[in-house]
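Subject: Structure for you to look at

Hello,

Here is the structure I said I would pass on. My notes on it follow below.

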Amino acid sequence: CPYCDLMESETFRDSPTMSSLNEIALLAKIDGERRRDLSRLYLVHGFPTTWLIDEKGSRIGQIPGYISRKDFQSLLTYLKGRHYRSLSIKEYMAKRP
């Protein structure tokens, strides 16, 4: 998918983004076309789709579509600060500077 390729080339190849990610999370890329069982389980209706899951395996939230480096960094801050305990992803992203 074109937006999957864009995230791969722009977001996931950005060294600062990946360094931040590696400090707090594990990135698992899954081919939803091949793993339709996981697509159904995680309610994926389009690609790319990013799921945030906490260390206990609980689902924090889903972000459909392309995520820029800047927005991905904000998501990492959301995770690192455990803001998901009091705000949805949508609320957090709306409040950020």
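Thr50 is in contact with Met7, Gly61, Gln62, Ile63, Ile67 and Phe72, leaving aside its neighbours within four places in sequence. Thr50 sits in strand β1, and its relative accessibility of 13% makes it buried, because buried means under 20%. Please keep in mind that this is a predicted model.

A second threonine has a list of contacts as well. Thr11 belongs to helix α1 and, at 0% relative accessibility, counts as buried. Not counting residues up to four places away in sequence, Thr11 touches Leu6, Thr17, Met18, Tyr66, Ile67, Ser68, Arg69 and Phe72. Ile67 and Phe72 are thus among the contacts of Thr11 and also among those of Thr50.

Next, helix α2. Which residues of α2, residues 15-24, are buried? They are Thr17, Met18 and Leu21. These three cover an arc of only 90° around the axis, which puts them on the same side of α2. The general background is that an α-helix has 3.6 residues a turn, so residues three or four places apart point the same way. Ser15, Pro16 and Glu23 are exposed on the other side of α2. The buried residues of α2 pack against two helices, α1 (2-11) and α4 (69-80).

How do α2 and α4 pack, in angle and in distance between axes? The angle is about 20° and the axes are 10 Å apart. Angles under 35 degrees count as roughly parallel, and α2 and α4 are therefore roughly parallel to each other. The crossing in which α2 passes α4 is left-handed. On the α2 side, the contact is made by Pro16, Thr17, Ser20, Leu21, Glu23 and Ile24; on the α4 side, by Arg69, Phe72, Gln73, Leu76, Leu79 and Lys80. Phe72 of α4 is thus part of this contact and touches Thr11 too.

On disulfides, a search of the whole structure finds one. It joins Cys1 and Cys4, with the sulfur atoms 2.1 Å apart. The link of Cys1 and Cys4 is right-handed, with 100° about the S-S bond. Both cysteines are partly exposed: Cys1 has a relative accessible area of 41%, and Cys4 has one of 28%.

The loop between α3 (36-41) and β1 (49-53) has several entries in my notes. Leu43 lies in this loop, and its phi is near 55°, a positive value in a residue other than glycine. Gly46 is in the loop too, partly exposed at a relative accessible area of 30%. Gly46 and Ser15 are 31 residues apart along the chain, and their C-alpha atoms are separated by 27 Å. Pro48 is another residue of the loop. The peptide bond from Phe47 to Pro48 is cis, with omega near -10°.

One more backbone angle concerns Arg82, in the loop between α4 and α5 (89-95). Arg82 is not a glycine, yet has a positive phi of about 55°. Its relative accessible area is 33%, so Arg82 is partly exposed.

If you go through the structure yourself, the contact of α2 with α4 can be followed from the residues listed above.

Regards

Notes. Residues numbered from 1 in each chain as written. Predicted model: local features only at pLDDT ≥ 70, side-chain atom pairs only at ≥ 80, totals over all residues. Heavy atoms only, no water. Buried < 20%, exposed > 50% of the residue type's maximum accessible area, 1.4 Å probe, protein only. Helix = DSSP H or I, 4+ residues; strand = E, 2+ residues; numbered from the N terminus. Arc of directions from axis to C-beta. Contact = heavy atoms within 4.5 Å. Disulfide = S-S within 2.5 Å. Axes fitted to C-alpha atoms, helices over the stretch in contact; angles between N-to-C directions. Parallel < 35°, antiparallel > 145°, perpendicular 65-115°, else oblique. Left-handed = near helix turned anticlockwise from the far one by under 90°.
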